[in-house]
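Here are a few exercises to work through with the viewer open. Try each one yourself before you read the solution.

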Amino acid sequence: VKISVNDVTINGFTIINSGENKNPPNHYDSGIYISSNNNYILNNDICFNLMGILLVNSKDNEIYSNRITDNIEDAISLFPESNNNIITYNTIMNTTKEEAILLWRSSYNNFEHNYLINNSNGFYIVGRCKENKIRINLINICFISFQSSSPRLTGNGIVIDSFCSDNTFSWNDIENCSRYGAYLRNTCISNKFYFNDFINSGEQH
């Protein structure tokens, strides 16, 4: 499903088998590909795709109460300048190769009450992302994926990478991660963590 106009609602669909073609940096087969604004994606089953939901330069969307499972790469990806989105109450499971949720050069997004279970990473936030709020999420079981393009960066609950700043992580449960509960690398500053529970994960780094 490709959404290139504003104000679209996708509600109650099963979306499977997108294919596995990719043309970096922004074109990847996805269950839902969004390049517009003010859309509502809710109550869908999105599974067995290369990527689950991909936003590219897409703003002011709400992604709510979807079941996103068994996708190969990222379940939800925000690519450059995907800002001011609200992503809540989604269940994301069994992302085999990359992370459950990827933010790349995207800011001012809110993630709450999402359930991320059995993925290679929970959140991966990279490339000058700022002022995102990640709160009251469950991240449980993050495994090392040797299918990943960077296996050494998998197995983490949260990764913050490459000049990301002023993001806030609060009231999250991060459990059973093979490497780190939270891993900050490459000059990330002023990110705030408070009232998070890290259980049965490697040392925070």
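The exercises below go from the whole chain to its cores and then to a single asparagine; keep in mind that the model is predicted.

**Exercise 1. Work out what the secondary structure of the chain comes to, and check its radius of gyration against that of a compact globule.**

Step 1: Count the elements. You should get zero helices and 26 strands.

Step 2: Take the globule estimate. For 205 residues it is near 17 Å, and the chain has 15 Å, so the two agree.

Step 3: Look at the extents. The C-alpha trace spans about 45 × 30 × 30 Å along its principal axes.

Step 4: Add burial and surface. Buried residues account for 51% of the 205 residues. The accessible surface is about 8900 Å², with 48% of that belonging to carbon and sulfur atoms.

Step 5: Check the contact range. Take contacts between residues at least 6 apart in sequence: 58% of them join residues at least 24 apart.

**Exercise 2. Find which residues touch the most other members of the largest nonpolar core, and which strand gives the largest share.**

Step 1: Start from the general expectation. Nonpolar side chains in soluble globular proteins tend to be buried together.

Step 2: Pick out the hubs. The largest core has 35 residues, and I32, I53, I101 and F123 touch the most other members.

Step 3: Map the core onto the strands. Elements giving two or more residues include strand 6 (30-34), strand 9 (51-56), strand 18 (121-126) and strand 23 (173-177). The largest share, three residues, comes from strand 15.

Step 4: Zoom in on one hub. Beyond its neighbours within four places in sequence, F123 is in contact with I101, F111, L116, I134, N137, I139, G157, I158 and V159.

Step 5: Look for a second core. Another one lies apart, with 13 residues, among them L54, L102, V126 and V159.

**Exercise 3. Decide whether N90 is buried or exposed, and find what its side chain reaches.**

Step 1: Locate the residue. N90 is in the loop between strand 13 (86-88) and strand 14 (91-93).

Step 2: Apply the cut-off. Buried means under 20% relative accessible area; N90 has 0%, so it counts as buried.

Step 3: List the surroundings. Leaving out residues up to four places away in sequence, N90 touches I63, Y64, S65, N66, H113, N114 and Y115.

Step 4: Find the polar partner. The N90 side chain reaches the backbone nitrogen of N66 at 2.9 Å.

Step 5: Try a distance across the sequence. N90 and I10 are 80 residues apart along the chain, and their C-alpha atoms are 14 Å apart in space.

Notes. Residues are numbered from 1 along each chain as its sequence is written. This is a predicted model: local features need pLDDT of at least 70, side-chain atom pairs count only at pLDDT 80 or more; totals for chains, interfaces and linings use all residues. Side-chain values use heavy atoms; hydrogens and water are left out. A nonpolar core is a set of buried Ala, Val, Leu, Ile, Met, Phe, Trp, Tyr and Cys residues joined through side-chain atoms within 4.5 Å. Buried means under 20% relative accessible area, exposed over 50%, partly exposed in between (1.4 Å probe, protein chains only). Helices (H or I, at least four residues) and strands (E, at least two) are DSSP runs, numbered from the N terminus. Contact means heavy atoms within 4.5 Å. A polar contact is a pair of N or O atoms within 3.5 Å; within protein, one must be able to donate a hydrogen and the other to accept it, and residues adjacent in sequence count only if both atoms are side-chain atoms. The radius of gyration is taken over C-alpha atoms; the globule rule is 2.2 Å times the number of residues to the power 0.38. Accessible areas come from the Shrake-Rupley method with a 1.4 Å probe; for residues, only the protein chains shown count as cover.
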